[in-house]
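Reader: Let us go through this structure by question and answer. Please keep it brisk.

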Amino acid sequence: MKLSRRSLLKSSGVLSAGLALGELGFDVKKVSAAAKKESRIKNAKEFTSICTFCSCGCGMLCHVKDGKLINLEGDPDHIINEGALCSKGSAMAAIPNSDQRIKTPLYRAPGSDKWQPISWDEAIAKVAGKFKETREKHWIATEKDGEQEFTVNRTDAISFMGGAQNNNEECYLMAKMTRLLGTDFVEHQARL
Ligand code: SF4
């Protein structure tokens, strides 16, 4: 067999890598079989997300194939967790892939003991209607301090609670909306 200089160097490199792995106690056959196996995330769509469980807000790398989450791991580029996830975060893939996951809003009519699925448009219209009704019913335009009366323009009947999965931009918009609606009560799960 005639070997060119290039193929000789290439094969000696592979040989020495194989020897080195063997010396370190690795089963070279298994390592080589694993290297040849096709990556399960090949052709999967990759995107980043945030863990929904606690207020640490760890970053996640997710891979989706055929509409299913097939891989979830800590995002090494995320400033908070730098690739690490706790046991809860690591198990989060069970949520999007669960057949018990609720994908539409549910409504329980007054007096009913049953939840019925409704569209997002219906849900948004119901929530907006309740906001309007509550705000108008409990609007405080002025408040007295001793003899003096001050304009306050607020309602104490509406409050907002943010969750760990809200990102900075969503929290910014939420804070703006609370000011526009006239409520002072804004809280976040991160403070609990
Ligand atoms: S991975 Fe763990 S620590 Fe990080 S946000 Fe999720 S639950 Fe919290």
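Reader: Which residues surround the ligand?
Author: The model is predicted. Five cysteines do not stand alone here; the shell also holds Phe-53, Asn-81, Leu-85 and Lys-88. Glycines take part too, at 57 and 89. In full, the ligand is surrounded by Cys-51, Phe-53, Cys-54, Cys-56, Gly-57, Cys-58, Asn-81, Leu-85, Cys-86, Lys-88 and Gly-89.

Reader: How do the residues of that shell divide into nonpolar, polar and charged?
Author: Cysteine counts as nonpolar and glycine as polar. Lys-88 belongs to the shell, and lysine counts as charged. The shell divides into seven nonpolar, three polar and one charged.

Reader: Is Cys-56 buried, exposed or partly exposed?
Author: Cys-56 sits in the loop between β1 (45-50) and β2 (59-65). Buried takes 20 or more C-beta neighbours within 10 Å, exposed 12 or fewer. Cys-56 has 15 inside 10 Å, so it counts as partly exposed.

Reader: Which residues form the largest nonpolar core?
Author: Buried residues make up 6% of the 192 in the chain. Cys-58, which touches Cys-51 and Leu-85 among others, belongs to this core. Its six residues are Cys-51, Cys-58, Met-60, Cys-62, Leu-72 and Leu-85.

Reader: How many residues of α4 are buried?
Author: Helix α4 covers residues 120-137 and reaches 26 Å from its first C-alpha to its last. That is close to the 26 Å expected. The helix lies largely in the open, because the number buried among its 18 residues is zero.

Key: Residues are numbered from 1 along each chain as its sequence is written. This is a predicted model: local features need pLDDT of at least 70, side-chain atom pairs count only at pLDDT 80 or more; totals for chains, interfaces and linings use all residues. A residue is near a molecule or strand if its C-beta atom, placed from the backbone, lies within 6 Å of it. Helices (H or I, at least four residues) and strands (E, at least two) are DSSP runs, numbered from the N terminus. The expected span of a helix is 1.5 Å times one less than its number of residues. A nonpolar core is a set of buried Ala, Val, Leu, Ile, Met, Phe, Trp, Tyr and Cys residues joined through C-beta atoms within 7 Å. Two residues are in contact if their C-beta atoms, placed from the backbone, lie within 7 Å. Lists of a residue's contacts leave out its neighbours within four places in sequence.
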